[in-house]
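Colleague: Before I set anything up from this model, I would like to go through it with you, one question at a time. Please show me the entry first.

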Amino acid sequence: VVVKHEGISNAHAELSLSEAGELVVKDLSSNGTGLRPAGSGSIERLTKDARTIQSGALVVLPLKLKKRSGLRYCFTVSIGDEPLLRPPDAAELLLDSAGNSTGSAPPLQPAASKAPEAAKAPEAAGQSSSSSSSDEAGAPGGGLP
């Protein structure tokens with residue numbers, strides 16, 4: 001997945017399958033990648049080691065915002081027949097600009113039942129049934145295939 005953003009590296013994070021067939025995520029960046037495991041209310045900074053993720057997890061990038069970069073992108077993880085979950089809006093991330101948690105977030109909610117769309121109009125960002133979002137109103141959103 002390619003995301004054009006001042007704080008997101010060309011190779012920011014890596015999603016892959018482990019030898020055991022589990023989905024893993026690994027941070028490759030200097031600005032950090034956040035993970036909110038399924039069922040958790042807080043976002044934690046990933047290490048450079050691969051970490052198994054389950055359906056219902058939320059991945060946030062970049063974790064640390066640079067001056068004037070203004071956006072954070074996030075996507076939810078759905079594996080197999082698991083339902084898509086709506087990515088949170090900016091206020092629901094509960095992160096400061098350094099990527100520190102400022103509280104416990106509410107659980108993710110199911111996305112609308114219609115199929116994800118390839119792109120949303122800027123005014124609809126964060127309000128779609130897609131599996132990605134940004135944390136600033138009016139920022140580009142869009143689904144991931």
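Colleague: How many salt bridges does a search of the whole structure find?

Modeller: The model is a predicted one, and side-chain atom pairs count only at pLDDT 80 or more. With a side-chain nitrogen of Lys or Arg required within 4 Å of a carboxyl oxygen of Asp or Glu, K48 forms a salt bridge with D27, and R51 forms one with E44. The number found in the whole structure is 2.

Colleague: How many residues apart are K48 and D27, and which parts of the chain does the pair link?

Modeller: The closest N and O atoms of K48 and D27 are 3.1 Å apart. K48 sits in the loop between β4 (44-45) and β5 (51-52), whereas D27 belongs to strand β2 (residues 23-27). The pair thus links distant parts of the chain, with a separation in sequence of 21 residues.

Colleague: Of that pair, is D27 buried or exposed?

Modeller: The partner K48 counts as partly exposed, at 46% relative accessibility. For D27 the relative accessible area is 3%, and the cut-off for burial is under 20%, so D27 is buried.

Colleague: And for the pair of R51 and E44, how far apart are the closest N and O atoms?

Modeller: R51 has a relative accessible area of 31%, which makes it partly exposed. E44 is partly exposed as well, with a relative accessible area of 30%. The closest N and O atoms of this salt bridge are separated by 2.3 Å.

Colleague: Which residue stands opposite R51 where β2 and β5 are joined?

Modeller: The strands β2 and β5 run antiparallel and are joined by 2 bridges. R51 lies in β5, and the residue that stands opposite is V25.

Colleague: In the open sheet that contains these strands, which strands stand at the edges?

Modeller: The sheet is made of 3 strands in the order β1-β2-β5, with antiparallel pairing. An edge strand here has a single partner strand, so one side of each is left without a neighbour in the sheet, and this holds for β1 and β5.

Colleague: Which residue in the turn of the hairpin formed by β1 and β2 has a positive phi?

Modeller: β1 and β2 run antiparallel and are joined by 5 bridges, and L17 stands opposite L23 in β2. Between the two strands of the hairpin there are 5 residues, and the one in the turn with a positive phi, of about 85°, is G21.

Colleague: How far is N10 from L28 in space, C-alpha to C-alpha?

Modeller: N10 lies in the segment before β1 (13-17), and at 88% relative accessibility N10 counts as exposed. In sequence N10 and L28 are 18 residues apart, while the C-alpha to C-alpha distance between them is 9.6 Å.

Colleague: Which strands each supply at least two residues of the largest nonpolar core?

Modeller: The largest nonpolar core has 12 residues, including I8, V25, L35, L46, Y73 and F75. Another core, of 9 residues, lies apart from it and has I43, L58, V60 and L108 among its members. The strands that each supply at least two residues of the largest core are β6 (58-61) and β7 (73-76).

Colleague: How far apart in space are L94 and S42, C-alpha to C-alpha?

Modeller: L94 is found in the loop between α1 (90-93) and β9 (109-110), and at 24% relative accessibility it counts as partly exposed. Leaving out residues up to four places away in sequence, L94 touches N100, S101, T102, G103, S104 and A105. L94 and S42 are 52 residues apart in sequence, and their C-alpha to C-alpha distance is 8.2 Å.

Colleague: What pattern does the protein follow along the sequence?

Modeller: The protein has 1 helix and 10 strands, and 42% of its 145 residues count as buried. Read along the sequence, the pattern is β-β-β-β-β-β-β-β-α-β-β.

Colleague: Over which residues does pLDDT stay under 50?

Modeller: The protein averages a pLDDT of 73, and 68% of the residues score at least 70. For the stretch in question the model has 68 contacts beyond four places in sequence, while pLDDT stays under 50 over residues 114-145.

How values were computed. Residues numbered from 1 in each chain as written. Heavy atoms only, no water. Helix = DSSP H or I, 4+ residues; strand = E, 2+ residues; numbered from the N terminus. Buried < 20%, exposed > 50% of the residue type's maximum accessible area, 1.4 Å probe, protein only. Pairing = 2+ DSSP bridges. pLDDT = per-residue confidence, 0-100. Contact = heavy atoms within 4.5 Å. Core = buried A, V, L, I, M, F, W, Y, C linked by side-chain atoms within 4.5 Å.
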